[in-house]
Amino acid sequence: MDILRFITAGSVDDGKSTLIGRLLYDSKSILIDQLAAIEKQTKNKENGEIDLALLTDGLRAEREQGITIDVAYKYFSTPKRKFIIADAPGHIQYTRNMVTGASNAQLIIILVDARNGVVEQTRRHSIIASLLNIPHVVVAINKMDLVNYSEDHYNNIVIDYEQVAKSLGLKDVKYIPISALNGDNLVERSVKLAWYEGEPLLSHLENVQLHSDVNLDDARFSVQYVIRPQAPELHDYRGYAGKIISGVYKKGDQVTILPSGTQSKITVIETGGEEVEEAYALQSVVLHLEDDIDISRGDMIVPTGNQPRTDQEFEVLLCWMDNKPLIPGNKYLLQINSNRVRAVIKEIEYQLDVNTFDKNYSPEKAVLNDIIKAKIKTASPVSFDSYEKLRQNGGAILIDETSFVTVGACMIQ
């Protein structure tokens, strides 16, 4: 089975944690001891209801405030698909948490309170989904029970959000009316929403097409480890191990090693201890080349004629994730896939308002949760694609040189 990684986002009290709890509960993915613990802690014992939000709001501070402040990950599966859920916080001061949770998400569920419609935080989360190039969007119009399951309320919200989606270039957008608290339209279609002709949320999550999200045209392979056994029977063995980021590799392909630009040919492809004629995106493989070339961790092996950009200076859209401010001239470690190099922030072009999309040009610094456009220079050449073209080879992180803490998430322009 394949895996769908998705994130939930919305304003405070829109029901994100309850939605996830209900999905886990109704799909029978909660262990007996977990259920017993939730029943013991629940605030709604008097009326017999279980507070399903406690499944994700695990931190004490979250339980006391009734909000989500960290990114909680939950795993469940159905006969059709496995799922990894990231429950992200709704407050603007936790933008970095949402960016972290959404960085490798294939789908985002944006919750909208049916009583309030599209609000400022709905737009902000949509902007972040657009910036991170998340391919699939579900607008879950929640708390339909509080508007008497009104089709007019639903239609008005769809009309409003379509304007947001159009302005941000969001493409695959699905609208589903639900009540997370009551379980309407989550796992089974609800008779109370008989006017809605689409599938319930879980069915959509099971059936959304993921194969089209994988880029099979631009082959990229980042070397993670050079295998040299040094054993007598494997005296000449030299393999380059790693994961195929995108594209397809075939035995006999002419390839270029970056950043050096040296060319060679693939002679052997191994996966799972066996030789194969070809391998494709997301497989972990070992490549053997015809020539003895100086290749090390972080180098890329790509098809000759279809190469990413190799440069030492480029622009990024960056979410700052550290309490210490980012100031032009600061030095960090930049990591793209398995390649880690020293880098310096040359300048900050603008700071982006994630509520309005307005740009504040030439700020002196970036502070926690800021999203900025910056120019970076690296100590040695790195190979990359734009984030919009290929997320897997256009995303990078900044690491503090002394503490080795991740301080920034980058989307290369």
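**Reasons behind the terms: a dialogue**

Trainee: Why is C319 called buried?

Mentor: C319 has a relative accessible area of 0%. Residues under 20% count as buried, so C319 meets that condition with its value of 0%. The model is a predicted one, and this value was computed from it.

Trainee: What makes C410 count as buried?

Mentor: The relative accessibility of C410 is 3%. Because the limit is under 20%, C410 is placed among the buried residues. Of the 413 residues in the chain, 52% are buried.

Trainee: How many disulfides does the structure hold?

Mentor: The structure holds zero disulfides. C319 takes part in none, and the cysteine sulfur nearest to its own, that of C410, lies 9.7 Å away.

Trainee: Why is there no bond between the sulfur of C410 and that of C319?

Mentor: A disulfide requires two cysteine sulfur atoms within 2.5 Å. The closest cysteine sulfur to that of C410 is in C319, at 9.7 Å, and this is too far for a bond.

Trainee: How many aromatic pairs are found in the whole structure?

Mentor: The search finds nine aromatic pairs. One of them joins F6 and F83, with 6.3 Å from centre to centre and 80° between the planes; this pair is edge-to-face. The centres must lie within 6.5 Å, and planes over 60 degrees apart count as edge-to-face, so 6.3 Å makes F6 and F83 a pair and 80° gives the pair its name.

Trainee: Which parts does the pair of F6 and F83 tie together?

Mentor: F6 belongs to strand 1 (residues 3–10) and F83 to strand 3 (residues 82–87), so the pair ties together parts 77 residues apart in sequence. F6 is buried, at a relative accessible area of 2%, and F83 is likewise buried, at 2% relative accessibility.

Trainee: Why is the pair of F314 and F384 called tilted?

Mentor: The planes of F314 and F384 are 50° apart, and the centres are 4.7 Å apart. Stacked would need under 30 degrees and edge-to-face over 60; 50° satisfies neither, so the pair is tilted. F314 is in strand 16 (residues 309–320) and F384 in strand 20 (residues 371–384); the pair thus links distant parts of the chain, 70 residues apart. Both F314 and F384 are buried.

Trainee: Which residues do ring pairs link into a cluster?

Mentor: The cluster consists of F6, F76 and F83.

Trainee: How do you know that strand 10 and strand 11 pair?

Mentor: Pairing needs at least two bridges. Strand 10 (residues 254–258) and strand 11 (residues 262–271) have four, so they pair, and they do so in the antiparallel sense. V255 stands opposite S264 in strand 11. Three residues separate the strands in this hairpin, and G261 has a positive phi near 85°.

Trainee: What makes strand 11 and strand 12 a pair?

Mentor: Three bridges join strand 11 to strand 12 (residues 274–276), again antiparallel. Since at least two are needed, the condition is met. E270 has E275 of strand 12 as its bridge partner. The hairpin has two residues between the strands, and G272 takes a positive phi near 65°.

Trainee: How many bridges join strand 11 to strand 14?

Mentor: There are four bridges between strand 11 and strand 14 (residues 284–289), and the two run antiparallel. H288 in strand 14 stands opposite V268.

Terms used:
Residues numbered from 1 in each chain as written. Predicted model: local features only at pLDDT ≥ 70, side-chain atom pairs only at ≥ 80, totals over all residues. Heavy atoms only, no water. Buried < 20%, exposed > 50% of the residue type's maximum accessible area, 1.4 Å probe, protein only. Phe/Tyr/Trp six-rings, centres within 6.5 Å; stacked < 30°, edge-to-face > 60°.
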